[in-house]
Amino acid sequence: MKILATYNIKGGVGKTASAVNLAYCAIQNNLRVLIWDLDPQGAASFYFRVKPKVAGGGFSLIQKRRHICKVIKATNYRNLDLVPADFSYRDMDLILHDRKKSKRRFEKILRQIRDDYDLIIFDCPPSISLVSENIFYCADALLIPTIPTHLSFRAYDQLKQFLKSQKGMDVSTLPFLYMVDRRKKLHVELGKLFSGRYPEALKSTISYSSIVEKMGVYRAPVKVFDQSAFVSRAFDALWNEIWGNVK
Amino acid sequence: MNTDIHQLACPMLRSHSKLDRQIRSIFYVQCVSQEIGTRTYLDSFDWRLFKSAHVLESDYFKHGCVLLLRNKTNKTCLLEYAGCEQINFGRDLPDGKLGALLQPVIEQRAFMDTASVPVRITSYELKDDQEKIILRLRVISLYRPDSGAKRKSISSYVELLPLRGYEKHAIRARKLLTDTFDFAECEPSLEVFDALKILPNSYKSKTAVNLSHDMSSHEALSRILIQNLNIMEKNTQGIREDIDIEFLHDFRVAGRRNRSLINQVRDIFPQSRLKKYQRSFSWLSQSTSLHRDLDVFLSDFDQYLEQLTGEDMQGLITLKQYLQKTRQTEHRKLVRVMNSVRYKRFQQELRAFISSDNNHPVTGPSADTAIIEVANHSIRRCYRRLMKHGKLASANYCYESIHDLRKNGKKLRYLVEGFRSLYPTRELQQVVNILKNLQTNLGEIVDMHTQRILLTNWELEMNGKQTVPENTIKAIENLSAICNKKEEKAQEMFKQRFRQFSSKTNQNLFNHLFA
């Protein structure tokens, strides 16, 4: 089983859209996939039409009062399941703080479903917190959608510094450019800077596309309602590159 | 992760269209697809999936194939796999999941088509107010294969496919259908077998003849011998087509049982008349022996590979290629034996000899003796011989004595199993287990010893036919050394195992049961 997480300290950079679309690409490649919507906003749950509610809340999952199997919901797509968001996740840090081995709780929870899935994708909230640290410890790779701006690069540098400073945190980072607008000279220049400065960066990029925004209208991954769109193929290419790195 | 799967039929709704209309009237569903294809039920030749309450069904449509594995008892779907081609073995599925699930049940056996019927499937989705699918349903109809355009239905049923996290909707749907609309659980595979007059689990590789104590020995032994001949005959086509290696194994075991019974149970048939059949059994055993050795080695090949490293592994692969070629040659010879006049004549003449009627009986002096007496006598004699040889081997260990002891053990086991129905089940099973405990150890010693000899012979053969790479010679040597170590380890266990076998408790059991 492989564990990926779409993560960025900054918000609104395409974490959820990336998680949802990459998960869909994965099931098209015959993998069994689970998305865990960790963001209290519940955007991934919204896209998959699943009520953002977990019986007992995040508290019950962390305290082991509820087995994770009991909260998983199948989506409309075969082999793609979801752990829904819950508004109580906003207090997840506080719940974790009171537990022993607070940075490894998620690892323990995932052991219960190790044989059920080939891939787990966390859709993370934008922050560095105890929740994020749990993800950093259990994920194989962090997928980092990065808008081509200096501030985004700065945020990525901060993340790398943080990961370097933590003992035993050997998760790899796979940043990729998102919402790229090739009409903008700055985007093109920063794109070159990005691949030069970060050798670990993925070569595949996701251009800005209004079709991605239509996910909110159709409430589905892009490939479901527009298979032939350029961005659909871009997600395919991104998925292939990610899986090639991680497998 | 398994999901429950509910299959429900209603006696009043036996056609696809009626069932379809009813479902649409009960549930506010959307029809997703309509497909016509072929459904095939798969199982091993000896019905292992059926015996373990599994159903493996393969639905072929124009766009592809869907494989479904179900557990009949707890109504769970264990695996659903889309896009597979024809599968012969569990390991044929790309990710090995089916193999991992079924390996303990199916072992080396191939999947065979047990029944194929036309199928029509209409699929539906039930959604909530957010357009989230909360239940999938299918109306499925299976038809007689010979019914042409006017399809005659064998079975029409509804399949409820719960979604994870939404199981309560499937439970409610099931309750509604069963409580209000007279639906009941059904098992369509059984209906198909029944309609096509296929008897599941009709093949048994073990002798299972019902005998009574006062039955004449001639009648009892005839029944057992005929059953074993039938087992041999049933396996010949599988051998010819090389479907899997168990066909030859079952053939050889059935032949050995008969040969052993004829030798052990004396004076039921005229001994002089039996000589030619004993020669035929010997011929069949010799004709199939090398093929079986190759089958066993090649099927365990991956295990051998795991025991070696680096260059040795490559060397072993060269050996494997050579043996696969040799096996092809042996298989052609084997098919010639199966098709030979000599084999056909052997089957016909032995059957006629055994089944001789009352007007022209072919019997020996003990033919009319009650079978219980003859069985007890034969088993006691064989047991005493085994004990005697075992004590000698314990005192003075040598490979030949172990080999003979193993053969004697097999003879005893064939007798005990052949006459099984004459004895109380529980005690007899104890005897079989006691024997098995000893035989397993003897088998390990003999198998490892044989393996070493085979490896040496194959190396010599290869040397005679081609230049043998250095790494192959080294690999064979290393593997031989591993076999030798295992043989020595099993040898160390022998005395203890024989002590257990010959304990006072076990002796009392044998003496009491076969008095």
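**Exercise 1. Find the residues that A:Ser18 touches in this predicted model, leaving aside neighbours within four places in sequence, and decide whether A:Ser18 is buried or exposed.**

Solution.
1. Locate the residue: A:Ser18 belongs to helix H1 of chain A, which covers residues 15-28.
2. Leave aside the neighbours within four places in sequence; the contacts of A:Ser18 are then A:Thr6, A:Pro145, A:Phe176, A:Tyr178 and A:Phe235.
3. Take the cut-off: a residue is buried when its relative accessible area is under 20%.
4. The relative accessibility of A:Ser18 is 0%, so A:Ser18 counts as buried.

**Exercise 2. Describe the surroundings of A:Leu34.**

Solution.
1. A:Leu34 is part of strand S2 of chain A, residues 33-37.
2. Its relative accessible area is 0%, and therefore A:Leu34 is buried.
3. Not counting residues up to four places away in sequence, A:Leu34 touches several residues, among them A:Ile72, A:Leu82, A:Val83 and A:Ile113.
4. Others in this list include A:Tyr117, A:Leu119, A:Ile120 and A:Ile121.
5. A:Asp81 is also touched by A:Leu34. The two residues are 47 residues apart along the chain, yet their C-alpha atoms are separated by 4.8 Å.

**Exercise 3. Compare the radius of gyration of chain A with that of a compact globule.**

Solution.
1. Chain A has 247 residues, and a compact globule with this number would have a radius of gyration near 18 Å.
2. The value for chain A is 17 Å, so it agrees with the rule.
3. Along the principal axes, the C-alpha trace of chain A spans about 55 × 40 × 30 Å.
4. Of the 247 residues, 58% count as buried.
5. Among contacts in chain A with a separation of 6 or more, 80% come from residues 24 or more positions apart.
6. The secondary structure of chain A consists of 12 helices and eight strands.

**Exercise 4. State how much area chain A exposes and how far apart the mean positions of its positive and negative charges are.**

Solution.
1. Chain A exposes about 11,200 Å², and carbon and sulfur atoms supply 50% of this area.
2. Chain A carries 39 positive and 23 negative charges, and their mean positions are 2 Å apart.

**Exercise 5. Which three residues supply more than any other three of the area that chain A buries against chain B?**

Solution.
1. Count the residues in the contact: 16 come from chain A and 12 from chain B.
2. The area buried between the two chains is about 1,300 Å², and carbon and sulfur atoms give 39% of it.
3. On the chain A side, A:Arg49, A:Asn76 and A:Arg78 are the three residues sought; they supply 39% of the area that chain A buries against chain B.

Conventions:
Residues are numbered from 1 along each chain as its sequence is written. Chains are lettered from A and ligands numbered from 1 in the order in which they are written. This is a predicted model: local features need pLDDT of at least 70, side-chain atom pairs count only at pLDDT 80 or more; totals for chains, interfaces and linings use all residues. Side-chain values use heavy atoms; hydrogens and water are left out. Helices (H or I, at least four residues) and strands (E, at least two) are DSSP runs, numbered from the N terminus. Buried means under 20% relative accessible area, exposed over 50%, partly exposed in between (1.4 Å probe, protein chains only). Contact means heavy atoms within 4.5 Å. The radius of gyration is taken over C-alpha atoms; the globule rule is 2.2 Å times the number of residues to the power 0.38. Accessible areas come from the Shrake-Rupley method with a 1.4 Å probe; for residues, only the protein chains shown count as cover. Lys and Arg count as positive and Asp and Glu as negative; His and the chain ends are not counted. The place of a charge is taken as NZ of Lys, CZ of Arg, CG of Asp or CD of Glu. Buried area is the accessible area (1.4 Å probe) that two parts lose on being put together, summed over both.
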